[in-house]
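Student: I am new to this structure and would like a close look at a single part of it. Please take the aromatic rings and explain how they are arranged.

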Protein chains: 2
Amino acid sequence: MAKSIASRAENYSQWYVDIIKKARLAEHSAVRGSMVIRPYGFAIWENMRDQLDRMFKETGHMNAYFPLFIPKSFLSREADHVEGFAKECAVVTHYRLMNNPDGDGIIVDPEAKLEEELIVRPTSETIIWNSYRDWITSYRDLPILINQWANVVRWEMRTRLFLRTAEFLWQEGHTAHATKQEAIGEAEKMHEVYATFAEEYMAMPVLRGTKTDSEKFAGALETYTIEALMQDGKALQAGTSHFLGQNFAKAFDVKFANEENEQEYVWATSWGVSTRLMGALIMTHSDDDGLIIPPKIAPIQVVIVPIPKPNDQVDEVAHQIMDDLKSKNITVEYDNDPKSRVGFKFAEHELRGVPVRIGIGKRDLEKNQVEIARRDTKEKSFVSLNGVSDYIENLLSDIQDNLFSRALEFRKEHTTEVDTMEEFESVIESKGGFIYAHWDGSPETEEEIKKRTKATIRCIPLNAVEEEGTDMISGKPSKRRVVFAKAY
Amino acid sequence: MAKSIASRAENYSQWYVDIIKKARLAEHSAVRGSMVIRPYGFAIWENMRDQLDRMFKETGHMNAYFPLFIPKSFLSREADHVEGFAKECAVVTHYRLMNNPDGDGIIVDPEAKLEEELIVRPTSETIIWNSYRDWITSYRDLPILINQWANVVRWEMRTRLFLRTAEFLWQEGHTAHATKQEAIGEAEKMHEVYATFAEEYMAMPVLRGTKTDSEKFAGALETYTIEALMQDGKALQAGTSHFLGQNFAKAFDVKFANEENEQEYVWATSWGVSTRLMGALIMTHSDDDGLIIPPKIAPIQVVIVPIPKPNDQVDEVAHQIMDDLKSKNITVEYDNDPKSRVGFKFAEHELRGVPVRIGIGKRDLEKNQVEIARRDTKEKSFVSLNGVSDYIENLLSDIQDNLFSRALEFRKEHTTEVDTMEEFESVIESKGGFIYAHWDGSPETEEEIKKRTKATIRCIPLNAVEEEGTDMISGKPSKRRVVFAKAY
């Protein structure tokens with residue numbers, strides 16, 4: 001079967017689009033910038049979402065739901081916040097349609113104009129802190145640890161499936177605390193939850209760090225980020241957690257009586273990951289034959305294919321294996337459609353990234369064995385029938401580990417320390433990746449480097465070693481290296 | 001503690017509002033008609049959602065996600081559909097804000113006007129069938145069995161928490177089939193899934209039936225409904241499943257090649273339930289002391305309260321019980337806050353509708369027993385320590401059954417057969433409830449009865465017995481009784 005996927009080496013962007021299309025993950029919709037997430041893509045997202053949701057609940061958070069619409073005036077209350085979002089807001093101005101009195105079709109009813117325009121939420125700090133004002137009066141009401149799974153809209157002009165879309169799905173945590181220290185602790189904790197999720201479930205190694213002032217969330221005092229490296233050497237911001245200080249409490253007048261009965265403003269955090277993670281997942285692991293999904297988030301972990309076609313004996317063996325796997329909570333599908341050829345099925349399951357394929361052939365059965373192929377390395381083994389489910393349980397774990405190691409190895413190969421702009425530009429142009437370089441801390445040199453190379457500071461690493469150095473542009477002293485990269 | 005909940009007998013509407021407020025289920029937001037679903041309310045909704053989701057998946061459906069925005073022109077394509085929704089649409093006309101050049105604050109940027117206005121989805125048939133056109137070419141692509149969990153907006157002028165809000169959460173199933181018969185079968189199957197969910201999980205008996213033409217979904221050929229009866233004698237439409245015929249396939253030109261390679265239009269269904277179910281839940285079971293939640297969907301099934309205050313021995317017993325209950329997948333909370341008084345705690349857990357409360361007192365422990373109180377009947381029992389978890393497992397099942405029986409009994413008492421308008425009006429005014437009466441099938445008498453009594457035809461029961469009769473208004477012959485009620 002001609003899969004017609006572009007190769008990564010030739011055209012990485014086209015390869016990305018082809019994978020999404022051929023594996024039926026998502027597609028553009030009739031609405032500019034909005035995508036349709038198709039069932040198989042959504043099943044992967046569901047697995048990621050459910051795991052994150054468990055981790056949020058284990059760390060004491062509860063879900064809630066706040067309105068889609070935000071009164072225009074709310075956005076203006078926090079100066080940086082409105083500055084950050086005003087240019088990409090979808091605005092609801094009317095609430096009714098009517099038949100066109102001058103012709104066919106329907107038009108917006110001019111009589112049904114809203115007194116105040118409503119913004120489709122680009123993020124929910126403002127509407128949520130407006131509620132928190134009524135919920136919080138005393139330190140006894142704190143902390144508030146809430147998360148919301150929702151759709152948000154940011155009117156992006158250049159969109160790419162999963163990576164940048166006008167509407168996307170995400171979760172946004174919004175917490176309220178009595179002390180600065182506790183709020184910072186929360187922002188750091190959720191940053192670590194994201195890093196753990198990325199590494200242990202998505203098998204995607206991430207750098208942990210903070211953002212520079214120019215890359216921070218609009219309204220945050222500190223933004224913690226996890227940064228992943230894609231196969232084309234570009235970075236991808238995979239999740240952020242913000243310490244918001246008292247900015248939103250002041251904007252919405254949210255105070256509490258402390259234990260001494262004095263009024264104080266409440267401390268805030270917010271943190272989010274989105275369907276962008278789907279893009280990160282695809283570009284971390286997949287190859288020219290299609291998607292590769294880590295077993296822990298694969299909708300189907302094992303597929304069984306009869307070779308050449310099913311019969312009673314094959315069916316019986318398949319069902320026995322399925323029962324054994326299900327009892328180990330391994331998800332398995334039996335592809336016994338007699339209309340498709342085996343070669344087509346193999347290609348299809350590779351394309352969809354099913355981690356393990358079991359082939360049941362007539363001659364194998366005579367030897368009391370089946371053929372087991374892993375998607376990540378394409379290695380095949382013959383495994384005795386009575387050991388299949390144990391073998392697969394271990395194999396899934398191996399695949400999960402191997403995907404992480406492989407991505408980590410790739411990152412190591414694409415991480416470079418440089419000390420001059422010449423080296424910097426040469427690395428950016430040749431292999432890309434993460435570049436550790438000294439920076440004097442000024443927005444001017446940050447901007448200058450971006451202008452020259454399109455690379456930005458991805459993060460100031462959390463665990464950076466102290467090291468004397470000089471800024472590549474200004475020559476001013478620097479105490480530690482920061483991480484640069486071109487980014488999605 | 002003064003709970004300040006109005007009594008149902010005195011003021012049912014106020015009681016409903018009070019329950020929602022005091023149990024912290026939801027509240028009005030700053031955006032007209034939009035509510036905030038608070039964490040405890042959302043936890044109940046999550047349980048309902050997760051169970052429905054399991055039932056959808058067990059019946060072969062997968063989730064997907066389609067855009068929030070619908071191009072205005074899409075709505076017009078199906079005549080009945082646009083007629084039904086045009087009057088309550090939130091319309092996005094612009095995509096950017098700007099600083100007000102003439103003063104403070106931000107205004108809508110007049111330059112950023114959309115070429116075609118976008119409608120915030122009131123329901124997604126149109127945008128989904130526009131995608132299905134690309135997905136379906138042959139009978140091999142059918143059926144498509146997709147569900148979506150989403151927020152939708154219908155600009156309601158009079159809103160009530162959960163029951164009628166401008167924005168609400170729901171699921172909408174949208175399926176595509178090769179034959180009329182298969183589509184009708186799907187609509188009927190999902191109707192039965194809803195009925196099963198309502199009765200087995202929400203403990204809420206429902207009538208199964210079809211809607212009259214005037215009460216059908218805008219664009220449907222047949223609407224199947226489940227109708228529940230609230231404690232004030234009013235009906236509540238709790239879920240609908242629609243056979244859409246080929247209406248949307250024709251509107252969006254969705255055809256398939258059948259096995260004879262002839263082009264045919266695709267057959268459709270859609271089906272949905274919403275956060276409205278939360279209103280139904282509250283009004284089916286709760287009492288003047290607060291919420292009552294059926295154990296199968298209660299976020300916390302058991303609460304343990306130390307009496308009068310916790311000590312090491314009480315803690316040890318509590319933790320033993322918690323371990324035992326958790327091993328049976330029973331959710332349990334230990335309310336050992338030393339700052340609250342026992343009476344306050346008891347009232348609070350009643351208010352929140354926790355199905356079972358365990359009190360651990362010093363004297364009880366001397367007798368090696370605890371006190372177990374059920375929320376539904378308020379009966380208390382003393383149970384020996386070593387039998388607690390088995391006792392509670394049975395008790396939760398009893399409570400679930402009792403809530404259903406009680407609601408069914410109430411419905412029986414509030415179901416009346418009448419043959420004349422005099423009787424009809426007298427029943428409507430005195431006790432309300434479901435009224436079975438003959439109807440000649442004309443929209444005129446349906447409208448006349450509505451005008452006179454505010455009662456509408458809730459459904460034509462699926463299992464109606466054939467019976468000769470005459471319409472109460474026209475005197476024309478009728479073959480079966482239909483169900484009338486005033487409704488939410």
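Tutor: What follows looks at the aromatic rings, and then at how the two chains are placed. The model is a predicted one. Searching the whole structure gives 36 aromatic pairs over all chains. One of them joins Phe168(A) and Trp170(A): the ring centres are 5.9 Å apart and the planes stand at 85°, so this pair counts as edge-to-face. The angle decides the label, because planes over 60 degrees apart count as edge-to-face. Phe168(A) and Trp170(A) are both buried. Elsewhere, a single aromatic cluster is made up of Trp45(A), Phe56(A), Trp149(A), Tyr194(A) and Trp271(A).

These cluster residues can be set against a record. An unreviewed UniProt entry annotates residues 27-294 of chain A as "domain: Aminoacyl-transfer RNA synthetases class-II family profile". That span is 30% helix and 32% strand, and the C-alpha atoms at its ends lie 22 Å apart.

Some rings also have a charged residue over them. In chain A, the charged end of Lys234(A) is placed over the ring of Tyr488(A), at 4.3 Å from the ring centre. Another case involves both chains: Arg38(A) lies over the face of Trp135(B), 4.0 Å from the centre of the ring.

That brings in the relation between the chains. A turn of 180° with a shift of 0.0 Å along the axis lays chain A on chain B, with an RMSD of 0.0 Å. The two copies are therefore related as by a two-fold rotation axis. Val92(A) is the residue of chain A that comes closest to this axis, its C-alpha being at 2.1 Å. Of the interface residues of chain A, 100% are also interface residues in chain B, so the copies meet through the same surface.

Note on methods. Residues are numbered from 1 along each chain as its sequence is written. Chains are lettered from A and ligands numbered from 1 in the order in which they are written. This is a predicted model: local features need pLDDT of at least 70, side-chain atom pairs count only at pLDDT 80 or more; totals for chains, interfaces and linings use all residues. Side-chain values use heavy atoms; hydrogens and water are left out. UniProt positions are given in the numbering used here, feature names are shortened, and annotations may be inferred rather than shown by experiment. Helices (H or I, at least four residues) and strands (E, at least two) are DSSP runs, numbered from the N terminus. Rings of Phe, Tyr and Trp (its six-membered ring) pair if their centres lie within 6.5 Å; planes under 30 degrees apart count as stacked, over 60 as edge-to-face and the rest as tilted. Buried means under 20% relative accessible area, exposed over 50%, partly exposed in between (1.4 Å probe, protein chains only). A charge sits over a ring if NZ of Lys or CZ of Arg is within 6 Å of the ring centre and within 35 degrees of the ring normal. Copies are superposed by least squares on the C-alpha atoms of residues with pLDDT of at least 70 in both. Contact means heavy atoms within 4.5 Å.
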